[in-house]
There are 2 protein chains.
Amino acid sequence: MLSNDLRQRAALIRPIPKMTFHEQLERAAGLVETRLDALLGNGGGAPVAKSGTLAEAMRYAVLGGGKRLRPFLLMQSANLFGVAEQASLDAACALECVHCYSLVHDDLPAMDDDDLRRGRPTVHKAYDEATAILAGDALLTVAFEILGAASSNPDPTIRAELVLGLAKAAGWQGMVLGQALDLSDERAGLSVAGVARMQALKTGALFRFACEAGAVLGRAISPDRAALISYAKAFGQAFQLADDLLDAEGDASALGKAVGKDAARGKATLIALLGPEQARERLRVLLQQAEAALAPFGAQAELLVETVRFAASRTH
Amino acid sequence: MLSNDLRQRAALIRPIPKMTFHEQLERAAGLVETRLDALLGNGGGAPVAKSGTLAEAMRYAVLGGGKRLRPFLLMQSANLFGVAEQASLDAACALECVHCYSLVHDDLPAMDDDDLRRGRPTVHKAYDEATAILAGDALLTVAFEILGAASSNPDPTIRAELVLGLAKAAGWQGMVLGQALDLSDERAGLSVAGVARMQALKTGALFRFACEAGAVLGRAISPDRAALISYAKAFGQAFQLADDLLDAEGDASALGKAVGKDAARGKATLIALLGPEQARERLRVLLQQAEAALAPFGAQAELLVETVRFAASRTH
């Protein structure tokens with residue numbers, strides 16, 4: 001049972017309580033879009049005089065699409081501890097830049113070789129391969145430029161901690177390792193545990209950082225931070241499983257990209273290994289785990305509960 | 001004239017004054033190599049159980065070669081303000097990781113398409129293209145992991161400032177922009193000023209960061225920081241001009257890579273635009289500018305004077 005005091009606090013810190021989940025998600029995505037637009041040269045920073053192609057390609061990769069789930073998770077996690085949206089927005093944008101860079105590089109011919117992303121030509125198709133590599137590099141770098149700047153957070157200890165956390169999540173023992181494992185020769189023969197580990201690195205690490213960054217920004221006590229990490233782990237697995245189900249079921253319009261490619265490439269997916277029914281059961285369990293992890297926060301975590309339900313429900 | 005007091009201080013902070021410049025450079029390179037080896041998984045950090053290919057490729061790209069000029073500049077600049085080598089070593093290693101990532105990506109088929117680097121096959125030749133892209137991504141990311149960690153510097157304000165500085169130097173308005181300009185269609189028709197601007201971004205930005213980071217680590221007063229930046233600007237131009245002269249003169253053994261490629265690709269170089277004689281004169285002027293910038297530091301900056309002379313003398 002929540003105390004009246006907590007209920008009041010929850011009402012206070014949730015910005016516009018009467019919006020639906022989808023309205024809240026869209027509203028936050030709008031904030032992120034506007035801020036990314038400013039951070040990537042529209043208004044903010046020095047104008048890039050010549051060869052604006054690089055900046056254009058970065059903007060093409062980042063703006064005008066995406067649910068901004070990672071930024072939403074970060075901002076909602078921070079909001080649990082009373083951090084205003086504006087105070088977590090830059091960290092959320094930095095995270096989104098890293099996510100978008102990873103998509104640009106993953107789509108390259110030498111990697112997943114995808115022509116379509118969010119229903120549009122991928123960056124190396126819209127521009128060229130060199131520009132896509134450089135735009136990805138620049139998006140990864142700008143994430144740390146955003147986090148390093150005092151404008152993202154006045155406390156240098158928090159800035160340095162977020163830099164460290166994002167670098168670890170995104171790097172050679174996190175997301176990049178996950179992508180390397182996904183492309184490796186060992187990939188085809190992976191077990192359920194092996195695929196889960198690969199996915200925990202490839203897509204899970206950034207979801208975990210999103211929630212952990214919220215805790216860092218909110219100066220959360222250790223058990224609260226641990227609860228958010230548990231939530232994030234279940235969230236990441238649920239998200240990926242839903243994605244795999246969509247891929248297996250071949251709904252290109254829902255995914256906004258080519259479908260059935262994993263199977264066509266001979267990659268073991270959890271759907272193939274478990275079968276669709278067991279995969280759906282696993283998804284239900286993960287959903288329960290994610291919700292259970294949020295229990296300590298009570299009604300304040302309502303939006304995070306809705307977020308994981310949303311992430312999992314994309315299969316329906 | 002230096003006061004006796006300054007002379008004594010200079011003697012104190014220069015670690016082993018009787019070594020020659022080349023011995024000092026080699027000694028520092030050895031420190032950097034050992035530390036990079038530890039930072040990239042030999043002893044430090046969690047072992048990468050499966051698919052060690054990514055870590056191997058990162059180590060291949062970073063270890064066992066290079067003069068470590070950027071780390072040397074960083075450590076010597078910091079040393080001007082009494083910062084011990086061990087206290088600037090991690091920042092120096094982070095910078096070297098960024099430099100090495102840029103080489104790995106620049107060598108890719110979609111970019112400069114080089115097969116040879118430091119006399120060895122480039123990363124995409126020794127491994128494959130996907131691994132080279134990912135190893136580059138991971139090296140860029142690990143640089144910020146190193147700078148974000150408290151082990152690199154106990155002061156979070158300094159850590160955040162170095163992160164910001166490195167991200168700006170390496171990113172979309174620094175090194176990556178320089179590489180984009182170098183690859184762009186406009187490249188062939190660039191004037192002397194245009195080529196100089198491109199080079200100031202592509203190679204100059206990291207040299208500037210090296211010296212500025214030394215000032216940050218040493219909590220230098222503003223005029224000292226400005227003096228080091230002037231030095232770094234002249235250094236970067238001198239270094240690049242010497243490189244271009246080597247390339248034009250076709251000494252593959254000194255460069256450790258293929259020569260004459262810029263001209264063969266129809267790229268305007270400063271040598272082609274100025275002619276070798278005027279290029280050499282420009283190099284002499286830059287050398288004077290670099291040395292003049294160091295005047296405020298007196299004999300303490302002797303090693304930095306020798307460093308720019310070394311960078312420029314590679315043409316002889």
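**Exercise 1. Find what share of the contacts in chain A with a separation of 6 or more comes from residues 24 or more positions apart.**

Start with the term: two residues are in contact if their C-beta atoms, placed from the backbone, lie within 7 Å. Next, take the contacts in chain A with a separation of 6 or more; residues 24 or more positions apart account for 71% of them. Then add the secondary structure of chain A, which comes to 16 helices and two strands. Helices (H or I, at least four residues) and strands (E, at least two) are DSSP runs, numbered from the N terminus.

A word on the source: this is a predicted model, in which local features need pLDDT of at least 70, side-chain atom pairs count only at pLDDT 80 or more, and totals for chains, interfaces and linings use all residues. Residues are numbered from 1 along each chain as its sequence is written, while chains are lettered from A and ligands numbered from 1 in the order in which they are written.

**Exercise 2. Judge how confident the prediction is, and where chain A calls for care.**

Begin with the scores of the model: ipTM is 0.91 and pTM is 0.91. Now turn to pLDDT, the predictor's confidence in each residue, from 0 to 100. Chain A averages 89, and 86% of the residues score at least 70. Over residues 43-50 of chain A, however, the pLDDT is below 50, and this stretch has 10 contacts in the model beyond near neighbours in sequence. Where pLDDT is low, the predicted coordinates should not be read in detail.

**Exercise 3. Decide whether helix H4 of each chain is enclosed or not.**

First, the cut-offs: a residue is buried if 20 or more other C-beta atoms lie within 10 Å of its own, exposed if 12 or fewer, and partly exposed in between, with C-beta atoms placed from the backbone. For scale, buried residues make up 52% of the 316 residues in chain A. In helix H4 (residues 69-79) of chain A, 11 of the 11 residues are buried, so this helix is largely enclosed by the rest of the structure. Among them are A:Arg70, A:Phe72 and A:Gln76. Now check chain B: 11 of the 11 residues of its helix H4 (residues 69-79) are buried, so that helix is largely enclosed too. Its buried residues include B:Arg70, B:Phe72 and B:Gln76.

**Exercise 4. Locate the largest nonpolar core and follow the contacts of A:Leu139.**

A nonpolar core is a set of buried Ala, Val, Leu, Ile, Met, Phe, Trp, Tyr and Cys residues joined through C-beta atoms within 7 Å. The largest one has 217 residues, and those with the most contacts inside it are A:Leu139, A:Leu166, A:Ala238, B:Leu139, B:Leu166 and B:Ala238. Zoom in on A:Leu139: leaving aside neighbours within four places in sequence, its contacts include A:Met58, A:Val62, A:Cys97 and A:Tyr101.

**Exercise 5. Describe how the two chains meet and how the copies are related.**

Count first: 46 residues of chain B are in contact with 45 residues of chain A. On the side of chain B that touches chain A, helices H3 (53-62), H7 (129-148), H8 (156-170) and H9 (175-183) each supply at least two residues. H7(B) gives the largest share, 13 residues. Then sort this side of chain B by type: 29 residues are nonpolar, 10 polar and seven charged. Here Ala, Val, Leu, Ile, Met, Phe, Trp, Tyr, Cys and Pro count as nonpolar, Asp, Glu, Lys and Arg as charged, and the others, Gly among them, as polar.

Compare the copies next: 98% of the interface residues of chain B are also interface residues in chain A, so the copies meet through the same surface. Finally, superpose them by least squares on the C-alpha atoms of residues with pLDDT of at least 70 in both. Chain B can be laid on chain A with an RMSD of 0.0 Å by a turn of 180 degrees and a shift of 0.0 Å along the axis. The two copies are thus related as by a two-fold rotation axis.

**Exercise 6. Place B:Pro296 in chain B and name what it touches.**

B:Pro296 lies in the loop between helix H15 (276-293) and helix H16 (302-313) of chain B. With 14 C-beta neighbours inside 10 Å, B:Pro296 counts as partly exposed. Not counting residues up to four places away in sequence, B:Pro296 touches B:Asp224 and B:Ala227.
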